Amino acid sequence: MATTGTGLKKETAAALATLLGPTLVVPVLFILLEKDEFVKFWAFQAIVVNITLWVLNWVLVLTVFLIFATPLVFILGVILWLTMTYKAWQGQRWEVPFIGKLAVKLMNKA
């Protein structure tokens, strides 16, 4: 059983990074404390996904004609959040379409 810099299994650390991703603090801590690329990938992806959903939600709220779409973004966000947590827990490296590639680029630059 391989552990990471935090002493957790890499799957557990990655799942926690995504599960607590909406806080943005926990993924940043995992990025700073972890050496494992798998955990860092999920932490970066959690940050990028949550910021993207937050910005998209605000754009929809500020656009009066599209305000009805904010519940759909919320539902999409919850489904995406649970899917990411499950995939990380299972040890799968799954990129969210479009957003995942940005997360990989950011991870490689860091």
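This briefing covers the nonpolar core, helix α5, a surface patch and the salt bridges of the structure above. The model is predicted. Its largest nonpolar core has 29 residues, and helix α3 is the element that gives the most to this core. A nonpolar patch also lies on the surface, and a search of the whole structure finds two salt bridges.

**Nonpolar core**

- Within the 29-residue core, the residues with the most contacts are F30, W42, V49, M84 and V96.
- Five helices each supply at least two residues of this core: α1 (10-19), α2 (25-33), α3, α4 (70-89) and α5.
- Helix α3 contributes twelve residues, the most of any.
- Leaving aside residues up to four places away in sequence, V96 touches Q45, V49, L80, M84 and K101.

**Helix α5**

- Helix α5 spans residues 99-109, and its buried residues are I99, G100, A103, V104 and M107.
- These buried residues lie on the same side of α5 because they cover an arc of only 140 degrees around the axis.
- Their packing partner is α3, which spans residues 37-62.
- K101, K105, N108 and K109 are exposed on the other side of α5.

**Surface patch**

- The nonpolar patch is formed by L24, I51, W54, V55, W58, V59, V61, L62 and I67, which together have about 850 Å² of accessible area.
- W54, one of the patch residues, is in helix α3.
- The relative accessibility of W54 is 57%, so W54 counts as exposed, the cut-off for that class being over 50%.
- I51 is likewise a patch residue and is found in helix α3.
- With a relative accessibility of 40%, I51 counts as partly exposed.
- I51 and L24 are 27 residues apart along the chain, and their C-alpha atoms are separated by 8.6 Å.

**Salt bridges**

- Side chains of opposite charge can pair when their charged atoms come close.
- R93 and E37 form one salt bridge, in which the closest N and O atoms are 3.6 Å apart.
- Because R93 lies in the loop between α4 and α5 while E37 is in helix α3, this pair ties together parts that are 56 residues apart in sequence.
- R93 is partly exposed, at a relative accessible area of 40%.
- K101 and E95 also meet through their side chains in a salt bridge, with an N to O distance of 3.7 Å.
- K101 counts as exposed at 57% relative accessibility, whereas E95 counts as partly exposed at 31%.
- K101 is also among the residues that V96 touches.

How values were computed. Residues numbered from 1 in each chain as written. Predicted model: local features only at pLDDT ≥ 70, side-chain atom pairs only at ≥ 80, totals over all residues. Heavy atoms only, no water. Buried < 20%, exposed > 50% of the residue type's maximum accessible area, 1.4 Å probe, protein only. Helix = DSSP H or I, 4+ residues; strand = E, 2+ residues; numbered from the N terminus. Arc of directions from axis to C-beta. Contact = heavy atoms within 4.5 Å. Patch = residues over 30% accessible without salt bridge, like charges linked within 9 Å, V, L, I, M, F, W, Y side chains within 5 Å. Areas by Shrake-Rupley, 256 points an atom, 1.4 Å probe, with all protein chains shown as cover. Salt bridge = Lys/Arg side-chain N within 4 Å of Asp/Glu carboxyl O. Core = buried A, V, L, I, M, F, W, Y, C linked by side-chain atoms within 4.5 Å.
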